[in-house]
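User: Could you take a close look at one helix in this structure for me? I'd like to know which way it faces and what it packs against.

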Amino acid sequence: MTTIGSVDVEHLRNWIGREETVADLVSVDLVQKFNATLDLSSAAPIWGEKAPPLIHYCLAQPSALTSALGEDGHPEKGGFLPPVPLPRRMWAGSTLTFHSDLHVGDLARRVSRISDVVVKEGRSGTLCFVSVLHKTDVAGVLKVEETQNIVYRDAAEPTNVGVQTTEKSAPVGDQRRLIKQSTPLLFRYSALTFNGHRIHYDRTYATEVEHYPGLVVHGPLQATLLLNFAIELAGSPPRLFSFRGVSPLFDGDQAYLHAVAGENNSMRLWTSRKDGPIAMSAEACW
């Protein structure tokens with residue numbers, strides 16, 4: 001048995017290759033509420049029109065019983081994802097390839113496969129990285145291919161999370177826009193994605209249990225805002241998009257989207273609070 005910290009590495013690696021298949025409808029109601037949440041539009045979409053990018057994060061989310069949720073609001077460990085014995089779980093980042101568009105009215109199928117499990121000792125303790133390959137198709141036509149990276153870690157002490165005064169301030173992009181974030185925005189995005197993680201809507205839990213200075217802005221929400229910013233600046237959606245969480249962003253922060261043109265028809269993007277470090281970094285390629 002190979003053990004790092006409290007983690008039985010060999011046991012968790014037995015989950016590599018495990019698959020799950022789910023399906024969901026890209027409904028008129030879902031698209032309308034997604035657009036309204038992001039202040040894109042309040043109008044009902046037309047059946048057959050293109051669905052907004054990254055709406056697939058709202059599709060076929062796990063519907064565990066409320067009684068089967070852990071203290072943090074996530075479903076109890078085990079099942080499709082390995083039962084990592086570390087209390088904190090975060091979406092570390094993703095790499096996406098957009099093969100074709102989803103449309104309103106599509107019945108989308110997602111096939112997910114555990115592709116890797118890696119355990120390391122970091123500065124803050126034991127870390128477990130789980131990689132999941134997702135393929136979303138409609139009637140056998142591949143729409144989105146994504147490698148998602150999830151990180152599990154020990155519970156942090158109050159001094160090890162949130163704002164660190166020694167962090168380097170993020171650069172200012174050639175293009176910059178204030179993020180119109182609010183507590184209702186975080187709550188509505190949690191509802192759209194059926195995400196029960198309490199750090200996004202339960203201020204008492206976020207500050208007193210996980211020791212953050214406020215509610216945490218979702219990683220995929222930041223990614224969606226960055227991708228929409230890139231599409232607006234470039235005039236067309238990219239073929240490739242990747243994002244990675246670097247540091248937390250909180251609902252009380254004055255935060256910005258940044259963008260700068262890269263090489264080979266690409267764009268570098270990031271979020272940051274005012275005078276703070278990069279919160280999420282991303283790259284779009286056309």
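Analyst: Happy to! Let's take helix H3, residues 183–192, where Leu 185, Leu 186, Tyr 189, Ser 190 and Leu 192 are buried (under 20% relative accessible area with a 1.4 Å probe, protein chains only; exposed is over 50%, partly exposed in between). These buried residues cover an arc of only 160° around the axis, so they sit on the same side of H3 (the arc is taken from the axis-to-C-beta directions). The opposite face of H3, turned away from the buried side, carries the exposed residues Pro 184 and Ala 191.

A word on the basis: this is a predicted model, with pLDDT of at least 70 needed for local features and 80 or more for side-chain atom pairs, while totals for chains, interfaces and linings use all residues. Numbering starts from 1 along each chain as its sequence is written, and side-chain values use heavy atoms, without hydrogens or water.

Now for the neighbours. Helices H2 and H5 are among the elements that cover the buried residues of H3 (contact is heavy atoms within 4.5 Å; helices are DSSP H or I runs of at least four residues, strands E runs of at least two).

H2, residues 28–37, has an axis that comes within 10 Å of the axis of H3, and the two cross at roughly 160°. That crossing makes H2 roughly antiparallel to H3 (over 145 degrees; under 35 is roughly parallel, 65 to 115 roughly perpendicular, the rest oblique). From the H3 side, Leu 185, Arg 188, Tyr 189 and Leu 192 take part, meeting Leu 30, Lys 33, Phe 34, Ala 36 and Thr 37 of H2. By type, the residues of this contact are six nonpolar, one polar and two charged. Leu 185, Tyr 189 and Leu 192 thus appear both among the buried residues of H3 and in its contact with H2.

Seen from the partner, H2 buries Leu 30, Val 31, Phe 34, Asn 35 and Thr 37. Looking down the axis of H2, these fall within an arc of 160°, so they line one face of the helix. Besides H3, the buried residues of H2 pack against strand S3 (19–25) and helix H5 (219–234). H5 therefore turns up in both lists, covering buried residues of H3 and packing against those of H2.

Finally, the ends: H3 is followed by Phe 194, with a positive phi near 50°. Just after H2, Asp 39 has a positive phi of about 60°.

Conventions
Axes are lines fitted to C-alpha atoms, for helices over the stretch in contact, and angles run from 0 to 180 degrees between N-to-C directions. Ala, Val, Leu, Ile, Met, Phe, Trp, Tyr, Cys and Pro count as nonpolar, Asp, Glu, Lys and Arg as charged, and the others, Gly among them, as polar.
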